[in-house]
Amino acid sequence: PAALSAVGAGTDALAFSENGYHAFTCSRADRRLRLWDLRTQTVLSEHAFAAGATPRGVSVDGFAHYVAVGAGRRVHVFDAKELEPIAAFDAHVGADVCAAELDVLARNVAVLDDDGRVTFV
């Protein structure tokens, strides 16, 4: 067994790449999205969210080109290889986003908010 750990951070959400070599994790403690190499158990890249935008829920499209993360009332989309931000948009939900799920082709995002509502954007 292997353990992924970053100093001072827990893991609140996890998604795997299509080939199983990489994982994406979110930590509410330090508000970071991380890209891990599972073969070496090292962080390849990370993105820090601004105060008030706590990342919750992470998903990857079927080809591992894009990563979506819910943070606050917005959905953030990143390039899956470098975690470069591509877009951020209002999820049009009444409460904070707790999950953002990309479809296989990254054409749609299903958003679940803290009130239990699902919205498709």
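The backbone oxygen of Glu82 lies 2.9 Å from a polar atom of the Ser45 side chain. This contact belongs to a predicted model, and the points below set out the surroundings of Ser45, two nonpolar cores, and several residues in strands and loops. Ser45 itself sits in strand E4, which covers residues 42-48.

**Polar side chains in strands**

- Ser45 has a relative accessible area of 14% and is therefore buried, since the limit for that class is under 20%.
- Beyond its neighbours within four places in sequence, Ser45 is in contact with Leu33, Arg34, Leu35, Glu82 and Leu83.
- Glu82 thus appears among the contacts of Ser45 and also provides the backbone oxygen for the polar pairing at 2.9 Å.
- Asp37 is located in strand E3, and its relative accessibility of 10% places Asp37 in the buried class.
- A polar atom of the Asp37 side chain lies 2.8 Å from the backbone nitrogen of Arg39.
- With neighbours within four places in sequence set aside, the contacts of Asp37 are Tyr21, His22, Thr42 and Leu44.

**Nonpolar cores**

- In soluble globular proteins, nonpolar side chains tend to be buried together.
- The largest nonpolar core of this model has 17 residues, of which Phe24, Leu33, Phe49, Val58, Val67, Val69 and Phe78 touch the most other members.
- At least two residues of this core come from each of strand E1 (13-16), strand E2 (22-27), strand E3 (32-37), E5 and E6.
- Strand E6 contributes three residues, the largest share of this core.
- Val67, one of the core residues that touch the most other members, has contacts outside its neighbours within four places in sequence with Phe24, Leu33, Val58, Ser59, Val60, His76, Val77, Phe78, Ala80 and Leu102.
- A second core, separate from the largest one, consists of ten residues, including Ala68, Val77, Val93 and Val97.
- Val77 is thus a member of the second core and is also in contact with Val67.

**Arg31 in the loop between E2 and E3**

- Arg31 occupies the loop between E2 and E3, and its relative accessible area of 28% makes Arg31 partly exposed.
- Although Arg31 is not a glycine, its phi is positive, at about 55 degrees.
- The Arg31 side chain reaches the backbone oxygen of Ala50 at 3.4 Å.
- Apart from neighbours within four places in sequence, Arg31 is in contact with His47, Ala48, Phe49, Ala50, Ala51, Gly52, Ala53, Thr54 and Pro55.
- Arg31 and Gly57 are 26 residues apart along the chain, and their C-alpha atoms are separated by 12 Å.

**Ala106 in the loop between E9 and E10**

- Ala106 lies in the loop between strand E9 (97-102) and strand E10 (109-113).
- Ala106 has a positive phi of about 60 degrees and is not a glycine.
- With a relative accessibility of 25%, Ala106 counts as partly exposed.

**Nonpolar surface patch**

- Phe63, Val104 and Leu105 make up a nonpolar patch on the surface, and their accessible area together is about 300 Å².
- Within this patch, Phe63 belongs to the loop between strand E5 (55-60) and strand E6 (66-71).
- Phe63 is partly exposed, at 47% relative accessibility.

Terms used
Residues numbered from 1 in each chain as written. Predicted model: local features only at pLDDT ≥ 70, side-chain atom pairs only at ≥ 80, totals over all residues. Heavy atoms only, no water. Patch = residues over 30% accessible without salt bridge, like charges linked within 9 Å, V, L, I, M, F, W, Y side chains within 5 Å. Areas by Shrake-Rupley, 256 points an atom, 1.4 Å probe, with all protein chains shown as cover. Salt bridge = Lys/Arg side-chain N within 4 Å of Asp/Glu carboxyl O. Helix = DSSP H or I, 4+ residues; strand = E, 2+ residues; numbered from the N terminus. Buried < 20%, exposed > 50% of the residue type's maximum accessible area, 1.4 Å probe, protein only. Polar contact = N/O pair within 3.5 Å; in protein donor to acceptor, adjacent residues only side chain to side chain. Contact = heavy atoms within 4.5 Å. Core = buried A, V, L, I, M, F, W, Y, C linked by side-chain atoms within 4.5 Å.
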